Amino acid sequence: MKKIIKYCCFGIALFSLLSCNNDDPLPETPIVGLGGDVWTTGPIDQWIDKELLTPYNIEIKYKWDPYELNYLRNLVPIKEDQVIKVINAVKQIWLLPYEKVAGQTFIKTFAPRQFVLAGSAEYNTNGTIVLGQAEGGRKIVLLRLNDFNPANKEALQELLHTIHHEFAHILHQNVLYPLEWKFLNPQWYTATWFNNTDDDAHRQGLISAYAKSNADEDFVETVSFLLVFGQEYYDNVIAKDDVPEASKNIFRRKQQMIIEYFASKYKIDFNALQAATQEAINNYKSPTN
Amino acid sequence: MKIIMKNKIAIPGILLSGLLLLGISSCSKDDFKGERPDQKLTAALESYSILLTEAPHGWKAHLFTGSVGGYGFWFEFNKENKVSMFADFRTESGNQAAQSSYRLKATLLPALYFDTYSYLHELADPDNRVNGGTAGWGLLSDFEFSFREVKGDTILLTGNLNNSKLQLVKASAAEKAAYQRGNLNALRADATRFFQTSSFLFLKDNANTVYSVNMNISQKTVAFNYSVGQTMETALLGFAFSGENDLILSEPFIKGGIHIDRFIRTEVAGAPVIKAALAKETMEIQKTENPLFPFFLMWGSSYQLIRVPIETTSQGNKSDFDLRRTAALTAMRALLRAGTTFPEMRIAINKSEKLVVVNQIIRQTPYSFNANFAFSYTEQDNAIKLKYEGPMDGNSTVIEPGFKPIIDGLTDGAMEFDFDLTTPQLRAFGQSKSLTNFRFVGLIN
């Protein structure tokens with residue numbers, strides 16, 4: 001009796017498996033939205049194609065897409081006439097100096113595949129605002145671009161500071177900086193970094209208040225300040241009267257570690273990169289259109 | 001033992017019947033005959049796209065935000081994903097069409113995205129210098145909307161983030177022409193002239209019940225006040241300038257014998273006059289020189305602020321206030337850099353929190369800063385007794401020592417607030433019950 005039941009079971013199972021065989025063709029109509037959103041392209045799209053998408057395979061997403069941003073927060077899209085201003089500055093002051101010093105292969109390997117642009121900053125509940133974000137080495141989000149004016153050097157430096165900051169995240173997410181970095185001044189890392197001024201941070205051997213948030217941010221802030229604000233700025237911070245000798249040494253050690261990190265991990269001459277970036281900022285000309 | 005045996009048989013029995021069922025059901029060859037959901041969505045997006053782009057004269061748009069205010073737009077969508085618009089909140093937005101982009105996107109519901117920045121986004125901008133709203137949230141507005149309903153010539157949409165309501169109504173050729181010649185600005189100017197008067201405006205129904213009408217043109221709200229027994233109630237609605245002559249309400253105001261959904265500009269003896277209306281059926285807005293309700297009852301709902309000049313005296317001020325005002329001015333100037341001025345203090349009330357906030361405006365051209373001082377209060381026979389709670393921000397902390405003479409005056413005895421009807425402009429005064437000569441007067445809005 002038991003055997004019969006077993007065979008029955010087996011037979012029915014086999015039968016039910018076979019009976020599911022279905023030769024219906026797959027639907028031919030494409031699924032909505034597969035392959036991304038489409039719109040009629042205009043001069044901005046063509047400019048991006050020519051300058052970044054074709055030569056570097058970098059996509060610029062300037063049209064609003066809430067799912068690329070923090071969709072629980074209230075942000076607004078970028079103004080169309082800001083897009084080329086921003087992207088051109090990014091190309092001239094971030095991409096080309098890296099390409100010049102580190103080479104095309106480096107840029108094509110490590111450059112983020114996508115920039116997402118938005119007009120406003122992202123407002124945190126603690127009163128701080130977010131100006132940019134790097135995600136998984138693949139995407140950089142740039143915010144508060146509607147106010148950007150390339151004729152103003154401070155604005156240019158602020159934007160490029162964000163990009164160099166985020167790109168340095170991508171670099172250390174690929175190969176970590178030396179562990180020693182984390183132990184240079186761990187006592188000053190704090191989640192409430194925004195209660196400090198840059199001057200407070202300088203006395204502690206950190207280049208900015210935000211560098212106090214953790215070792216990763218400290219590393220990328222230091223890289224970005226060295227590149228965008230230049231050696232003179234960095235040296236002036238070290239030379240400040242109220243910066244104690246111990247902190248001055250930390251600053252010098254950090255710069256040394258950055259130079260070694262870029263040379264050993266990425267074969268990049270950091271001093272040459274710094275010079276190229278400074279030259280690009282000082283000679284920057286915005287496109288006239 | 002027997003019971004256990006039974007169980008042993010019962011289990012294969014259940015299995016068997018389960019498998020049988022599976023076998024039978026899995027053999028069902030009834031193919032799904034309907035349309036796939038993504039096909040339906042594609043069709044819906046296409047139909048909305050055709051609807052939007054084929055309106056021959058564009059769309060009148062009425063947007064009602066989470067901060068109550070209403071905003072009027074005109075949109076014209078083309079097939080190249082571009083949208084032209086006018087908006088009713090600035091001179092430039094009323095007479096210069098701005099072009100940006102839009103697209104339709106399949107999200108939970110078919111959605112309309114205004115995907116690059118234009119006038120519409122100013123309302124939602126988290127930078128509150130743009131719109132005077134809350135930092136991080138602006139005026140609780142939207143620029144991504146889900147389609148909810150299409151009814152005749154009207155499309156109703158809802159904002160995806162802040163749930164604001166957007167109404168699109170097909171415009172006529174005459175309306176399009178009006179928008180293009182800057183009619184939004186003209187309409188706003190006429191409404192401003194009509195509503196900014198020292199008289200008190202009201203609607204009266206057949207039962208002679210009075211509903212006061214208070215327009216706030218800059219915040220785009222209208223408040224209706226009316227008595228219910230011994231208490232006063234307020235209905236606060238948004239309104240949007242629309243088409244040739246309309247001010248559309250966020251929802252109809254229906255109370256007693258009143259049923260209106262808009263205000264309309266008409267002409268009486270060659271001069272523009274605003275009337276209340278339900279569609280085309282109009283109702284006169286009446287005027288009286290006497291307040292309909294005491295100022296204190298309407299403060300915080302119909303009227304937000306008393307704006308008291310600080311750099312200059314104002315008609316109706318008394319000596320003690322002016323002495324304290326000039327003393328405070330001298331002291332505050334000494335605290336900030338040369339050239340700083342202190343144009344006015346704005347007094348606001350929050351009745352649910354029992355708070356009065358005095359905002360001293362600090363002007364350092366081209367910027368203005370707020371310095372907010374908080375007072376709690378208790379009500380004492382037609383007056384309020386203020387208690388100083390302290391500065392609310394960094395600016396007020398800095399100027400507090402200089403502002404002290406005014407704080408002391410405000411907290412000395414109970415303060416009485418009411419309408420001042422001595423000038424053609426609508427103003428209110430504050431009078432100390434203990435310091436006879438501590439009296440100031442300011443514009444209301």
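**Hairpins in chain B, a helix in chain A**

Biologist: This is a predicted model, so let's start with the strands: over how many bridges do β10(B) and β11(B) pair?
Modeller: Strand β10 of chain B covers residues 210-216, and strand β11 of chain B covers residues 221-228. They pair in the antiparallel sense, and the count of bridges is five.

Biologist: Which residue in that hairpin takes a positive phi?
Modeller: B:Asn216 stands opposite B:Thr221 in β11(B). The hairpin has four residues between the strands. The one with a positive phi, near 60°, is B:Lys220.

Biologist: And in β12(B), what is the bridge partner of B:Phe224?
Modeller: β11(B) also pairs with strand β12 (residues 231-242) of chain B, antiparallel again, over eight bridges. Those two form a hairpin with two residues between them, and B:Gly229 in the turn has a positive phi of about 60°. Across from B:Phe224 in β12(B), the bridge partner is B:Ala235.

Biologist: Over to chain A: how far apart are the end C-alpha atoms of α7(A)?
Modeller: Helix α7 of chain A runs over residues 215-228, which makes 14 residues. At 1.5 Å a residue it should span 20 Å. The model agrees with that, because the end C-alpha atoms are 20 Å apart.

Biologist: How many of the residues of α7(A) are buried?
Modeller: Buried here takes 20 or more other C-beta atoms within 10 Å of a residue's own. Among those that pass are A:Phe219, A:Val223 and A:Leu227. The cover includes α5, α8, α9 and α10 of chain A. Of the 14 residues, the buried count is eleven.

Note on methods: Residues numbered from 1 in each chain as written. Chains lettered and ligands numbered in written order. Predicted model: local features only at pLDDT ≥ 70, side-chain atom pairs only at ≥ 80, totals over all residues. Pairing = 2+ DSSP bridges. Expected span 1.5 Å × (residues − 1). Buried ≥ 20, exposed ≤ 12 C-beta atoms within 10 Å, placed from the backbone. Contact = placed C-beta atoms within 7 Å.
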